[in-house]
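Colleague: I would like to see how the labels used for a model like this one are justified. Could you take me through the reasoning behind a few of them?

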Amino acid sequence: MDSMNYSDKFGQAVDALKLEGRYRVFANIERRAGRFPAAYRHHQNELAEVTVWCSNDYLGMGQHPAVISAMQDAIATCGAGAGGTRNISGTTHYHVMLEAELADLHRKDSALLFSSGYVANETALSALANGLPGCVILSDEMNHASMIAGIRAGGSEKRIVRHNDLAHLEAELAALDPGRPKIVAFESVYSMDGDVAPIAAYCELAERYGAMTYLDEVHAVGLYGPRGAGVAERDGVMDRVTVIQGTLGKAFGVMGGYIAGAEPIVDYVRSFGPGFIFTTALPPAISAGALASLRVVRDATELRDRHQERAATLKRRLGEAGLPVMATESHIVPLMVGDARACKAASDRLLDHHGIYVQPINYPTVPKGTERLRLTPSPLHGDAEIDRLIDALTDVWRSIGLKWAA
(Lines give C-alpha, C1' and ligand atoms only; values in the text may rest on other atoms or scores of the structure.)
Protein backbone atom coordinates (compact mmCIF):
# COMPACT_ATOMS: atom_id res chain seq x y z
CA MET A 1 0.00 0.00 0.00
CA ASP A 2 1.32 3.44 -0.93
CA SER A 3 1.90 5.66 2.06
CA MET A 4 -0.05 8.87 2.25
CA ASN A 5 1.81 12.13 1.59
CA TYR A 6 0.51 14.09 4.53
CA SER A 7 2.04 17.39 3.47
CA ASP A 8 0.34 17.14 0.07
CA LYS A 9 -2.98 16.29 1.74
CA PHE A 10 -2.94 19.41 3.88
CA GLY A 11 -1.53 21.49 1.06
CA GLN A 12 -4.47 20.52 -1.15
CA ALA A 13 -6.88 21.78 1.49
CA VAL A 14 -5.07 25.11 1.60
CA ASP A 15 -5.05 25.31 -2.20
CA ALA A 16 -8.81 24.82 -2.19
CA LEU A 17 -9.15 27.80 0.13
CA LYS A 18 -7.09 29.88 -2.28
CA LEU A 19 -9.30 28.88 -5.23
CA GLU A 20 -12.38 29.97 -3.29
CA GLY A 21 -10.78 33.30 -2.43
CA ARG A 22 -10.93 32.52 1.29
CA TYR A 23 -7.22 32.10 1.98
CA ARG A 24 -6.17 34.52 4.69
CA VAL A 25 -3.14 36.71 4.09
CA PHE A 26 -2.02 38.66 7.14
CA ALA A 27 -0.69 42.16 6.64
CA ASN A 28 2.60 42.76 8.42
CA ILE A 29 1.54 45.71 10.58
CA GLU A 30 3.54 47.59 13.21
CA ARG A 31 1.34 49.67 15.49
CA ARG A 32 2.78 52.99 16.65
CA ALA A 33 2.07 53.96 20.26
CA GLY A 34 0.65 57.46 20.46
CA ARG A 35 -0.28 57.57 16.77
CA PHE A 36 -3.24 55.18 16.50
CA PRO A 37 -4.92 54.56 14.04
CA ALA A 38 -1.67 55.13 12.11
CA ALA A 39 0.64 52.15 11.72
CA TYR A 40 3.53 50.94 9.60
CA ARG A 41 3.18 48.20 7.00
CA HIS A 42 6.20 46.03 6.21
CA HIS A 43 5.90 44.74 2.64
CA GLN A 44 8.53 43.63 0.12
CA ASN A 45 11.36 45.17 2.16
CA GLU A 46 9.59 48.53 2.20
CA LEU A 47 7.97 50.47 5.01
CA ALA A 48 4.77 52.43 4.41
CA GLU A 49 2.34 54.21 6.71
CA VAL A 50 -1.23 52.92 6.75
CA THR A 51 -4.43 53.78 8.58
CA VAL A 52 -6.01 50.90 10.50
CA TRP A 53 -9.79 50.61 10.09
CA CYS A 54 -10.37 47.07 11.35
CA SER A 55 -8.96 46.95 14.88
CA ASN A 56 -10.98 45.62 17.81
CA ASP A 57 -8.99 47.98 20.05
CA TYR A 58 -12.19 49.99 19.89
CA LEU A 59 -11.12 52.89 22.12
CA GLY A 60 -7.41 52.91 21.34
CA MET A 61 -6.60 51.84 24.90
CA GLY A 62 -3.75 49.64 23.70
CA GLN A 63 -1.65 52.79 23.37
CA HIS A 64 -3.01 54.77 26.34
CA PRO A 65 -0.18 56.22 28.48
CA ALA A 66 -1.69 54.87 31.71
CA VAL A 67 -1.81 51.34 30.27
CA ILE A 68 1.72 51.46 28.90
CA SER A 69 3.10 52.87 32.15
CA ALA A 70 1.34 50.22 34.25
CA MET A 71 2.74 47.43 32.08
CA GLN A 72 6.25 48.84 32.20
CA ASP A 73 6.09 49.19 35.99
CA ALA A 74 4.83 45.62 36.37
CA ILE A 75 7.67 44.22 34.26
CA ALA A 76 10.20 46.21 36.25
CA THR A 77 8.66 44.98 39.51
CA CYS A 78 7.68 41.37 38.75
CA GLY A 79 9.54 40.36 35.61
CA ALA A 80 8.06 38.94 32.43
CA GLY A 81 6.11 35.77 33.18
CA ALA A 82 3.62 34.64 35.81
CA GLY A 83 5.62 31.54 36.70
CA GLY A 84 3.08 28.87 35.93
CA THR A 85 -0.60 28.08 36.03
CA ARG A 86 -2.74 29.84 38.60
CA ASN A 87 -2.75 26.59 40.63
CA ILE A 88 1.05 26.24 40.52
CA SER A 89 2.72 29.50 41.56
CA GLY A 90 1.10 31.57 38.82
CA THR A 91 -1.35 33.69 40.80
CA THR A 92 -0.04 37.22 41.30
CA HIS A 93 -1.40 40.20 43.17
CA TYR A 94 -2.28 41.78 39.82
CA HIS A 95 -4.60 38.85 39.03
CA VAL A 96 -6.33 39.21 42.38
CA MET A 97 -6.81 42.97 41.98
CA LEU A 98 -8.03 42.66 38.39
CA GLU A 99 -10.58 39.97 39.25
CA ALA A 100 -11.90 42.13 42.08
CA GLU A 101 -12.28 45.11 39.73
CA LEU A 102 -14.03 42.99 37.09
CA ALA A 103 -16.47 41.62 39.67
CA ASP A 104 -17.19 45.17 40.79
CA LEU A 105 -17.62 46.37 37.20
CA HIS A 106 -20.38 43.82 36.61
CA ARG A 107 -21.80 44.03 40.16
CA LYS A 108 -21.14 40.33 40.71
CA ASP A 109 -19.68 38.43 43.65
CA SER A 110 -16.68 37.07 41.79
CA ALA A 111 -14.73 37.04 38.54
CA LEU A 112 -12.19 34.69 36.97
CA LEU A 113 -9.44 35.47 34.45
CA PHE A 114 -8.54 33.40 31.39
CA SER A 115 -5.86 33.72 28.73
CA SER A 116 -8.43 34.83 26.13
CA GLY A 117 -12.13 35.37 25.61
CA TYR A 118 -12.20 32.21 23.49
CA VAL A 119 -10.77 30.13 26.34
CA ALA A 120 -13.18 31.77 28.79
CA ASN A 121 -16.20 30.72 26.73
CA GLU A 122 -14.92 27.27 25.89
CA THR A 123 -13.95 26.51 29.48
CA ALA A 124 -16.90 28.06 31.29
CA LEU A 125 -19.67 26.67 29.09
CA SER A 126 -18.20 23.16 29.04
CA ALA A 127 -17.63 23.17 32.80
CA LEU A 128 -21.11 24.45 33.58
CA ALA A 129 -22.73 21.86 31.33
CA ASN A 130 -20.65 19.08 32.90
CA GLY A 131 -21.74 20.23 36.34
CA LEU A 132 -25.44 19.98 35.51
CA PRO A 133 -26.37 16.38 34.59
CA GLY A 134 -29.11 16.33 31.98
CA CYS A 135 -28.47 19.96 31.08
CA VAL A 136 -29.70 21.39 27.80
CA ILE A 137 -28.15 24.54 26.33
CA LEU A 138 -30.28 26.83 24.21
CA SER A 139 -27.80 28.59 21.95
CA ASP A 140 -28.43 31.50 19.58
CA GLU A 141 -27.63 30.43 16.02
CA MET A 142 -25.23 33.36 15.60
CA ASN A 143 -23.16 32.63 18.70
CA HIS A 144 -19.38 32.88 18.43
CA ALA A 145 -17.26 29.84 17.57
CA SER A 146 -15.84 29.82 21.11
CA MET A 147 -19.32 29.40 22.59
CA ILE A 148 -20.08 26.60 20.14
CA ALA A 149 -16.80 24.89 21.06
CA GLY A 150 -17.62 25.13 24.76
CA ILE A 151 -21.11 23.73 24.29
CA ARG A 152 -19.75 20.81 22.25
CA ALA A 153 -17.06 20.09 24.83
CA GLY A 154 -19.65 20.02 27.59
CA GLY A 155 -21.44 17.14 25.89
CA SER A 156 -24.90 18.30 26.87
CA GLU A 157 -27.91 18.46 24.61
CA LYS A 158 -28.00 21.59 22.49
CA ARG A 159 -30.98 23.38 20.97
CA ILE A 160 -30.24 26.00 18.32
CA VAL A 161 -32.47 29.05 18.67
CA ARG A 162 -33.16 31.31 15.71
CA HIS A 163 -31.24 34.55 16.03
CA ASN A 164 -32.78 36.96 18.55
CA ASP A 165 -36.10 35.11 18.16
CA LEU A 166 -37.98 35.32 21.45
CA ALA A 167 -40.93 33.24 20.27
CA HIS A 168 -38.64 30.41 19.18
CA LEU A 169 -36.72 30.52 22.46
CA GLU A 170 -39.92 30.36 24.47
CA ALA A 171 -41.23 27.45 22.39
CA GLU A 172 -38.01 25.52 23.02
CA LEU A 173 -38.05 26.29 26.74
CA ALA A 174 -41.72 25.36 27.09
CA ALA A 175 -41.09 21.98 25.42
CA LEU A 176 -38.51 20.97 28.04
CA ASP A 177 -39.10 19.23 31.35
CA PRO A 178 -39.52 22.05 33.93
CA GLY A 179 -37.11 20.31 36.29
CA ARG A 180 -34.36 19.89 33.75
CA PRO A 181 -31.26 22.16 34.05
CA LYS A 182 -31.17 24.75 31.27
CA ILE A 183 -28.72 27.42 30.08
CA VAL A 184 -29.69 30.17 27.64
CA ALA A 185 -26.47 31.25 25.91
CA PHE A 186 -26.28 34.38 23.75
CA GLU A 187 -24.27 37.51 22.98
CA SER A 188 -25.08 41.18 23.50
CA VAL A 189 -23.47 42.77 20.43
CA TYR A 190 -22.98 40.39 17.51
CA SER A 191 -19.69 41.40 15.96
CA MET A 192 -20.35 40.77 12.28
CA ASP A 193 -23.89 42.11 11.78
CA GLY A 194 -23.69 44.61 14.63
CA ASP A 195 -27.14 43.82 16.02
CA VAL A 196 -27.99 43.60 19.72
CA ALA A 197 -29.80 40.92 21.71
CA PRO A 198 -33.02 41.67 23.64
CA ILE A 199 -31.33 40.87 26.95
CA ALA A 200 -34.18 41.86 29.24
CA ALA A 201 -36.67 39.69 27.36
CA TYR A 202 -34.23 36.76 27.34
CA CYS A 203 -33.79 37.08 31.10
CA GLU A 204 -37.54 37.19 31.62
CA LEU A 205 -38.02 33.96 29.65
CA ALA A 206 -35.14 32.27 31.43
CA GLU A 207 -36.56 33.21 34.82
CA ARG A 208 -40.02 32.02 33.83
CA TYR A 209 -38.76 28.60 32.72
CA GLY A 210 -36.10 28.05 35.34
CA ALA A 211 -33.01 28.55 33.16
CA MET A 212 -29.73 30.28 33.89
CA THR A 213 -28.38 32.84 31.42
CA TYR A 214 -24.87 33.05 29.95
CA LEU A 215 -24.14 36.35 28.21
CA ASP A 216 -21.10 37.06 26.02
CA GLU A 217 -20.39 40.82 26.22
CA VAL A 218 -16.98 40.82 24.52
CA HIS A 219 -17.94 43.41 21.90
CA ALA A 220 -19.74 45.58 24.44
CA VAL A 221 -17.64 45.77 27.62
CA GLY A 222 -16.00 49.16 27.89
CA LEU A 223 -18.35 50.60 25.27
CA TYR A 224 -21.87 50.61 26.72
CA GLY A 225 -23.40 51.46 30.07
CA PRO A 226 -22.59 54.28 32.53
CA ARG A 227 -19.42 52.49 33.70
CA GLY A 228 -18.66 50.53 30.53
CA ALA A 229 -19.93 47.20 31.87
CA GLY A 230 -21.79 46.45 28.63
CA VAL A 231 -25.27 46.37 27.14
CA ALA A 232 -26.72 44.57 30.16
CA GLU A 233 -25.65 47.52 32.31
CA ARG A 234 -26.99 50.00 29.76
CA ASP A 235 -30.33 48.21 29.77
CA GLY A 236 -30.47 47.95 33.57
CA VAL A 237 -30.58 44.14 33.65
CA MET A 238 -27.04 43.19 34.66
CA ASP A 239 -28.25 41.74 37.97
CA ARG A 240 -30.58 39.36 36.11
CA VAL A 241 -27.82 37.70 34.05
CA THR A 242 -26.35 34.61 35.73
CA VAL A 243 -22.91 34.64 34.09
CA ILE A 244 -21.34 37.49 32.13
CA GLN A 245 -18.33 36.75 29.94
CA GLY A 246 -16.05 39.47 28.65
CA THR A 247 -12.67 40.21 27.14
CA LEU A 248 -9.70 42.39 27.94
CA GLY A 249 -8.48 42.32 24.33
CA LYS A 250 -10.96 44.66 22.66
CA ALA A 251 -12.18 47.88 24.29
CA PHE A 252 -9.65 47.44 27.11
CA GLY A 253 -6.86 47.12 24.56
CA VAL A 254 -4.73 44.36 26.12
CA MET A 255 -5.53 40.61 26.13
CA GLY A 256 -7.32 37.99 28.19
CA GLY A 257 -10.88 36.96 28.97
CA TYR A 258 -13.01 36.53 32.06
CA ILE A 259 -16.33 35.49 33.52
CA ALA A 260 -18.24 37.17 36.34
CA GLY A 261 -21.06 35.76 38.42
CA ALA A 262 -22.12 34.39 41.77
CA GLU A 263 -19.18 33.13 43.83
CA PRO A 264 -20.20 29.42 43.86
CA ILE A 265 -20.58 29.38 40.06
CA VAL A 266 -17.27 31.11 39.40
CA ASP A 267 -15.53 28.94 41.98
CA TYR A 268 -16.93 25.83 40.29
CA VAL A 269 -15.45 26.87 36.94
CA ARG A 270 -12.15 27.69 38.68
CA SER A 271 -12.09 24.26 40.29
CA PHE A 272 -13.32 22.11 37.38
CA GLY A 273 -12.51 23.97 34.13
CA PRO A 274 -9.49 22.41 32.33
CA GLY A 275 -8.94 25.55 30.25
CA PHE A 276 -8.28 27.43 33.47
CA ILE A 277 -6.57 24.75 35.54
CA PHE A 278 -3.97 23.73 32.93
CA THR A 279 -3.17 27.07 31.27
CA THR A 280 -0.26 29.32 32.22
CA ALA A 281 -1.51 32.47 33.90
CA LEU A 282 -1.53 35.85 32.20
CA PRO A 283 1.79 37.67 32.71
CA PRO A 284 1.74 40.30 35.47
CA ALA A 285 2.30 43.09 32.95
CA ILE A 286 -0.80 42.07 30.96
CA SER A 287 -2.92 42.00 34.11
CA ALA A 288 -1.51 45.33 35.26
CA GLY A 289 -2.23 46.93 31.89
CA ALA A 290 -5.77 45.56 31.84
CA LEU A 291 -6.34 46.82 35.37
CA ALA A 292 -5.17 50.32 34.46
CA SER A 293 -7.28 50.29 31.30
CA LEU A 294 -10.40 49.16 33.15
CA ARG A 295 -10.00 51.98 35.67
CA VAL A 296 -9.62 54.57 32.91
CA VAL A 297 -12.46 53.26 30.76
CA ARG A 298 -14.87 52.87 33.67
CA ASP A 299 -14.95 56.67 34.07
CA ALA A 300 -14.52 57.56 30.39
CA THR A 301 -18.09 58.54 29.50
CA GLU A 302 -16.88 61.13 26.99
CA LEU A 303 -14.72 58.53 25.26
CA ARG A 304 -17.72 56.20 24.88
CA ASP A 305 -19.85 59.07 23.57
CA ARG A 306 -17.17 60.00 21.03
CA HIS A 307 -16.92 56.37 19.92
CA GLN A 308 -20.66 56.18 19.25
CA GLU A 309 -20.59 59.51 17.41
CA ARG A 310 -17.74 58.35 15.17
CA ALA A 311 -19.61 55.16 14.28
CA ALA A 312 -22.81 57.05 13.52
CA THR A 313 -20.93 59.61 11.42
CA LEU A 314 -19.16 56.91 9.42
CA LYS A 315 -22.40 55.04 8.72
CA ARG A 316 -24.04 58.27 7.56
CA ARG A 317 -21.13 59.18 5.29
CA LEU A 318 -21.01 55.71 3.74
CA GLY A 319 -24.74 55.87 3.03
CA GLU A 320 -24.44 59.32 1.47
CA ALA A 321 -21.70 57.98 -0.83
CA GLY A 322 -23.98 55.18 -2.04
CA LEU A 323 -21.85 52.46 -0.50
CA PRO A 324 -23.70 49.34 0.76
CA VAL A 325 -23.32 49.89 4.51
CA MET A 326 -25.43 47.53 6.60
CA ALA A 327 -27.78 49.19 9.07
CA THR A 328 -26.66 48.36 12.62
CA GLU A 329 -27.65 49.49 16.09
CA SER A 330 -24.12 49.29 17.44
CA HIS A 331 -20.60 50.54 16.75
CA ILE A 332 -19.96 47.78 14.18
CA VAL A 333 -19.96 49.12 10.58
CA PRO A 334 -20.17 46.28 8.01
CA LEU A 335 -19.86 47.08 4.30
CA MET A 336 -21.44 44.33 2.21
CA VAL A 337 -19.51 42.83 -0.71
CA GLY A 338 -21.10 39.39 -1.11
CA ASP A 339 -18.26 37.49 -2.79
CA ALA A 340 -15.04 36.11 -1.27
CA ARG A 341 -12.72 36.93 -4.18
CA ALA A 342 -14.15 40.42 -4.60
CA CYS A 343 -13.88 41.04 -0.88
CA LYS A 344 -10.19 40.15 -0.87
CA ALA A 345 -9.61 42.23 -4.00
CA ALA A 346 -11.25 45.22 -2.32
CA SER A 347 -9.13 44.78 0.78
CA ASP A 348 -5.94 44.44 -1.30
CA ARG A 349 -6.66 47.57 -3.33
CA LEU A 350 -7.43 49.60 -0.22
CA LEU A 351 -4.10 48.60 1.29
CA ASP A 352 -1.90 48.70 -1.81
CA HIS A 353 -3.30 51.86 -3.44
CA HIS A 354 -4.67 53.87 -0.54
CA GLY A 355 -2.76 52.82 2.56
CA ILE A 356 -5.97 51.76 4.32
CA TYR A 357 -5.97 48.48 6.21
CA VAL A 358 -9.27 46.57 6.38
CA GLN A 359 -9.18 42.77 6.51
CA PRO A 360 -11.78 40.88 4.40
CA ILE A 361 -14.36 38.93 6.38
CA ASN A 362 -15.16 35.63 4.67
CA TYR A 363 -16.68 32.22 5.46
CA PRO A 364 -16.71 30.62 8.01
CA THR A 365 -16.75 33.86 10.02
CA VAL A 366 -19.83 34.89 8.02
CA PRO A 367 -22.09 32.79 5.76
CA LYS A 368 -21.05 32.38 2.12
CA GLY A 369 -22.53 35.13 -0.02
CA THR A 370 -22.35 37.68 2.81
CA GLU A 371 -18.63 38.44 2.66
CA ARG A 372 -17.91 41.96 3.82
CA LEU A 373 -15.48 44.61 4.95
CA ARG A 374 -15.95 45.24 8.65
CA LEU A 375 -15.06 48.79 9.67
CA THR A 376 -14.43 49.66 13.30
CA PRO A 377 -14.16 53.41 13.87
CA SER A 378 -12.57 54.57 17.10
CA PRO A 379 -12.63 57.90 18.94
CA LEU A 380 -9.22 58.55 17.36
CA HIS A 381 -10.42 58.38 13.75
CA GLY A 382 -10.89 62.02 12.80
CA ASP A 383 -12.91 63.63 10.01
CA ALA A 384 -9.86 63.64 7.73
CA GLU A 385 -9.47 59.86 8.12
CA ILE A 386 -13.16 59.38 7.33
CA ASP A 387 -12.89 61.61 4.24
CA ARG A 388 -9.91 59.60 2.97
CA LEU A 389 -11.69 56.30 3.65
CA ILE A 390 -14.80 57.36 1.72
CA ASP A 391 -12.71 58.49 -1.25
CA ALA A 392 -10.74 55.23 -1.20
CA LEU A 393 -13.82 53.04 -0.97
CA THR A 394 -15.47 54.93 -3.82
CA ASP A 395 -12.40 54.26 -5.98
CA VAL A 396 -12.37 50.59 -5.02
CA TRP A 397 -16.08 50.09 -5.75
CA ARG A 398 -15.68 51.71 -9.18
CA SER A 399 -12.41 49.97 -10.05
CA ILE A 400 -13.56 46.45 -9.14
CA GLY A 401 -17.16 46.90 -10.23
CA LEU A 402 -18.75 46.11 -6.89
CA LYS A 403 -22.46 46.49 -6.21
CA TRP A 404 -23.55 49.85 -4.82
CA ALA A 405 -26.39 50.40 -2.36
CA ALA A 406 -29.85 49.89 -3.80
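Modeller: What follows is a short series of questions about a predicted model, each answered by setting a value against its cut-off.

Colleague: Why is Tyr 6 called exposed?

Modeller: Tyr 6, which is found in helix 1 (residues 6–20), has a relative accessible area of 55%, and because exposed means over 50%, the label applies. Tyr 6 also belongs to a nonpolar patch on the surface, formed with Met 4 and Phe 10, and together these residues have about 400 Å² of accessible area.

Colleague: How do you know that Cys 54 is not bonded to Cys 343?

Modeller: A disulfide needs two cysteine sulfur atoms within 2.5 Å, whereas the sulfur of Cys 54 is 11 Å from the closest cysteine sulfur, in Cys 343, and is therefore too far for a bond. Cys 203 is in no disulfide either, since the nearest cysteine sulfur, that of Cys 135, is 17 Å away. The structure as a whole holds 0 disulfides.

Colleague: What makes Cys 54 and Cys 203 count as buried?

Modeller: Buried means under 20% relative accessible area; Cys 54 has 18% and Cys 203 has 1%, so both are given that label.

Colleague: Why are strand 11 and strand 13 called edge strands?

Modeller: In the open sheet of 3 strands, the order is 11-14-13 with antiparallel pairing, and strand 11 (333–336) and strand 13 (360–361) each pair on one side only.

Colleague: What makes strand 13 and strand 14 a pair?

Modeller: Pairing requires at least two bridges, and strand 13 and strand 14 (residues 372–375) pair in the antiparallel sense over 2 bridges, so the requirement is met. Ile 361 stands opposite Arg 372 in strand 14.

Conventions: Residues are numbered from 1 along each chain as its sequence is written. This is a predicted model: local features need pLDDT of at least 70, side-chain atom pairs count only at pLDDT 80 or more; totals for chains, interfaces and linings use all residues. Side-chain values use heavy atoms; hydrogens and water are left out. Patches are made of residues with over 30% relative accessible area and no salt bridge: like charges are joined within 9 Å, nonpolar side chains (Val, Leu, Ile, Met, Phe, Trp, Tyr) within 5 Å. Accessible areas come from the Shrake-Rupley method with a 1.4 Å probe; for residues, only the protein chains shown count as cover. A salt bridge is a side-chain nitrogen of Lys or Arg within 4 Å of a carboxyl oxygen of Asp or Glu. Helices (H or I, at least four residues) and strands (E, at least two) are DSSP runs, numbered from the N terminus. Buried means under 20% relative accessible area, exposed over 50%, partly exposed in between (1.4 Å probe, protein chains only).
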